[in-house]
Every structure is written in structure tokens, then in C-alpha cells.
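Please examine the sequence and the model shown here. The paragraphs that follow consider one helix, its surroundings and a single residue elsewhere in the chain.

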Amino acid sequence: MGQIQIIVEGMTASGKSTIVELISQRLGFAVMPEEFRDPNDLLGRFHHDRSWAFPMQLNFLVTRFAQYLCASEENNFVMDRSIFGDKVYAMLYYRSGYFKDSQLGCYLTLYDSLLRYVTPPKLLILVKCPFDEIMRRIKSRGRQDEIDAGEDYWRSLYDAYEPFLDFVKNEMPGNFQVLELDLSDPEFINTPERVDAFLNDVKKFFPERFA
């Protein structure tokens, strides 16, 4: 079995997908995108009715696990989010009262069982962005279910992500390398010298690939 090369994690609308696409186009990694839609539109249902939190998060967990295994078959994949960050959402929903005690127990049993079958990536890129910019991007891209979720929801999720790095270090088995990226400036992607500097930083983690 191979190993996932890069996972890009971060808050919704922080710029994860932009970074994944950049790494794929410029460095030649294959993309395993985040699957956040399903035939039953559980995400859309959740944004209008929080009682859908449990089935939605179970679906995300199983989907991300399956994607992780697929991406682990080769040494060539970059992922937009992964199973390791999934628990952040589950714990937030439990604290917010969207999960019952029994539902959290069921989730954690499955999560811990699945985690035994995965290995950490070579590199975790953690994308950061201020909350005001996150909200600007959410409103700008105009996904109605995200807008309908309300600012209070996004603030609670943003706060849950603040200790993400320490949280995920406790979840990931073994050692892994971390690169933090500040994407508060929306002009980053349009500034060639900054993009090149970031890509050069990424290359340093893969000397055998970019010798």
C-alpha cells in the first residue's frame, strides 16, 4: 500500500480547494477532492434542520474513510480534507446539542475503529484565515445553504477549528509533518512570487520527488 502525500485541512472557505488545485496543477499530484454532497443532500438538510447532524456526520465519516483508503493506494495523492478532521465537527455538534449522548458514543466507536486502518500523510497543510474574511467568502460564493446556516454557526465552527493542530496530532497515528499557510489575503493566488515561495516550501518535504 502507498501513502497519501498531502492533506489540506482548514475551515470552510479558508482556501483549501484553491491550494489543492494549485498543488495539483503546479506539482503534479493527483487530487482526491472533498465529497460534501450526497444523493440525500444531508448537508443541505442539516443547514435547515440540525436534527440531521448525526446521519450527515456519519455519512461524512464513512465517505472520508473510503476516500482515504483509495488515495492511500498510490504515492501520488493530495486530499481536500480527510477523516482526521471529521471528529472536530462531531464534537462541535455534540457540544451544541445536535448529537445525543448515545449518538456521540456510536460515532466515536466507529471513528476509533476506522482510524486503526489509516496511516498519516507525509504532509499536512493547515490553511488559516480570519473569521471576517471567511464570512466574506461564504457570502461571495453564494451557496444558499451556507448562507442560510447563519453567522453564529460559522463562528462556532471557526472557534472549534482554532485548536485544530493540537487536536489532530492526538488523532493521527505516528509522525507527520505540518506546513501552516496564512490565506487571509485573497490576492495570494494572484501574486506569483508568493505562490512560488509556497510551492518551494512544499517541495522541501518531498526531496525524492523534486530532486
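Which residues in H1 are buried, that is, under 20% relative accessible area with a 1.4 Å probe and protein chains only? They are Lys 16, Ile 19, Val 20, Leu 22, Ile 23 and Leu 27. Seen down the axis of H1, these residues fall within an arc of 160 degrees, taken from the directions from the axis to the C-beta atoms, so they line one face of the helix.

The model is predicted: local features need pLDDT of at least 70 and side-chain atom pairs pLDDT 80 or more, while totals for chains, interfaces and linings use all residues. Residues are numbered from 1 along each chain as its sequence is written, and side-chain values use heavy atoms, leaving out hydrogens and water.

The buried residues of H1 pack against several elements, among them strand S1 (6-10), strand S4 (123-128) and helix H10 (192-203); helices (H or I) are DSSP runs of at least four residues and strands (E) of at least two, numbered from the N terminus. The axes of H1 and H10, lines fitted to C-alpha atoms over the stretch in contact, come within 11 Å and cross at roughly 75 degrees, with angles running from 0 to 180 degrees between N-to-C directions. The two helices are therefore roughly perpendicular (65 to 115 degrees).

Elsewhere, Asp 86 lies in helix H4 (residues 86-95) and is buried, with a relative accessible area of 0%. Not counting residues up to four places away in sequence, Asp 86 touches Gln 57, Phe 60, Leu 61, Arg 64 and Tyr 107, contact meaning heavy atoms within 4.5 Å.

How values were computed. Buried means under 20% relative accessible area, exposed over 50%, partly exposed in between (1.4 Å probe, protein chains only). Angles under 35 degrees count as roughly parallel, over 145 as roughly antiparallel, 65 to 115 as roughly perpendicular and the rest as oblique.
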